[in-house]
Amino acid sequence: MPCLIDSHVHTSFSGDSDAPMEDMILAAVRRGLTGLCFTEHLDWEYPVCLECPPGTFEPDIDAYQQQFALLKQKYADKIHLRFGIELGLQPQLSQRHRELLASYPFDFVIGSAHVVHGQDPYYPAFYEGRQEEDCYREYFQCVLENIEAFPQYDSFGHLDYVVRYGPNRDQEYTFAKYQDVLDPILKKLAMTGKALECNTGAIRYGLRELNPSLFILKRFRQFGGEFVTIGSDAHTPDRVGDGFERACQVLKAAGFSYYTIYEKRRPRFLKL
């Protein structure tokens with residue numbers, strides 16, 4: 001497996017995972033990975049519901065940092081660990097996010113869109129009484145709003161996240177159908193030197209392609225995009241490094257020869 005560094009995993013410091021950090025490290029070592037970046041969820045102003053009481057996606061970052069430091073030292077001879085965060089972007093949070101990033105020595109910052117005008121597409125309520133296409137379009141328009149409001153991330157995560165949860169998922173989803181809303185996003189990412197994530201989490205949702213699709217990755221490359229990161233989006237140890245051989249094949253097919261990792265917020269290229 002040529003891609004041996006997973007740049008997107010979650011542990012019990014994220015509100016949707018029960019996995020101990022050490023278990024994720026041991027899983028990565030067993031799988032033969034040489035590097036792992038923890039990217040715990042931080043979603044301020046996440047909509048409150050029965051499943052998500054207030055503060056669900058607001059981790060204790062000091063405790064996270066302390067645990068990370070201990071385990072980084074413990075496993076220093078087995079795997080290279082990096083300290084990251086996945087920010088749930090919303091335009092009104094931009095200043096808070098800037099202040100956060102100035103306060104902690106993150107190696108890597110993923111920017112993601114989990115909340116669309118007050119709703120998470122993870123839940124069926126986002127789609128009720130609406131056409132699926134309208135929901136998907138609103139999601140992509142929200143992505144553009146977010147990256148225009150807040151450019152201080154390194155890689156944009158799972159760009160077509162919304163197709164994991166739509167009524168028909170990706171069965172009626174094509175790049176051509178949404179090109180008019182996707183092209184401005186991809187141009188913006190490429191022109192501002194941001195990375196686009198190849199997220200293998202789509203596998204566990206039974207999607208035909210990874211997040212994002214091959215055509216989106218190709219289009220990003222056509223617009224001059226240079227940086228691509230690879231992440232499993234694992235929330236359990238069995239998913240660490242999942243589908244990385246496939247990710248490498250997809251990225252090569254999209255025109256990339258290298259993938260990118262970040263350390264101290266600086267990109268480094270690794271051959272696919």
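Me: Which residues does L36 touch, not counting residues up to four places away in sequence?
Reply: The structure is a predicted model. L36 is among the residues with the most contacts inside the largest nonpolar core. Not counting residues up to four places away in sequence, L36 touches I5, D6, V9, M24, I25, A28, I79, H80, L81, R82 and V240.

Me: How many residues does the largest nonpolar core have?
Reply: In soluble globular proteins, nonpolar side chains tend to be buried together. In this model, L36, F38, F140 and Y259 have the most contacts inside the largest core. Apart from that core lies another, of 6 residues, among them F108, I110, A195 and F227. The size of the largest core is 84 residues.

Me: In what order do the strands of the open sheet of 7 strands stand, and which are its edge strands?
Reply: The pairing in this sheet is parallel, and the order is β1-β2-β3-β4-β5-β6-β7. An edge strand pairs on one side only. The edge strands are β1 (5-9) and β7 (228-231).

Me: Which residue in β7 is the bridge partner of E197?
Reply: Strands β6 and β7 run parallel, and 4 bridges join them. Strand β6 covers 195-199. In β7, the bridge partner of E197 is T229.

Me: Do strands β8 and β9 run parallel or antiparallel?
Reply: Strand β8 holds residues 258-263 and strand β9 residues 266-271, with 6 bridges joining them. T260 stands opposite F269 in β9. The two strands form a hairpin with 2 residues between them, and K264 in the turn has a positive phi of about 55°. Their direction is antiparallel.

Me: Why is the pair of F38 and F68 edge-to-face?
Reply: A search of the whole structure finds 24 aromatic pairs. The ring centres of F38 and F68 are 6.3 Å apart. Planes over 60 degrees apart count as edge-to-face. The planes of F38 and F68 stand at 80°, so the pair is edge-to-face.

Me: How many residues apart in sequence are the parts that the pair of F38 and F68 ties together?
Reply: F38 lies in strand β2 (residues 35-42), whereas F68 lies in helix α2 (residues 61-74). F38 is buried, with a relative accessible area of 0%, and F68 also counts as buried, at 6%. The pair therefore ties together parts whose separation in sequence is 30 residues.

Me: At what distance from the ring centre of W44 does the charged end of R96 sit?
Reply: Rings in this model also have charged partners: K271 lies over the face of Y258, at 5.4 Å from the ring centre. The charged end of R96 sits over the ring of W44. Its distance from the centre of that ring is 3.9 Å.

Me: With which side chain does the side chain of N211 make a polar contact?
Reply: N211 lies in the loop between β6 (195-199) and α6 (214-222), and N211 is buried, with a relative accessible area of 0%. Leaving aside neighbours within four places in sequence, N211 is in contact with residues including H158, V163, R164 and E197. The polar contact, at 3.0 Å, is with the side chain of D160.

Me: What distance separates the C-alpha atoms of D134 and S155?
Reply: D134 lies in helix α4 (residues 132-149). With a relative accessible area of 42%, D134 is partly exposed. D134 and S155 are 21 residues apart along the chain, and their C-alpha atoms are separated by 26 Å.

Definitions and conventions
Residues numbered from 1 in each chain as written. Predicted model: local features only at pLDDT ≥ 70, side-chain atom pairs only at ≥ 80, totals over all residues. Heavy atoms only, no water. Core = buried A, V, L, I, M, F, W, Y, C linked by side-chain atoms within 4.5 Å. Buried < 20%, exposed > 50% of the residue type's maximum accessible area, 1.4 Å probe, protein only. Contact = heavy atoms within 4.5 Å. Pairing = 2+ DSSP bridges. Phe/Tyr/Trp six-rings, centres within 6.5 Å; stacked < 30°, edge-to-face > 60°. Lys NZ or Arg CZ within 6 Å of the ring centre and 35° of its normal. Polar contact = N/O pair within 3.5 Å; in protein donor to acceptor, adjacent residues only side chain to side chain.
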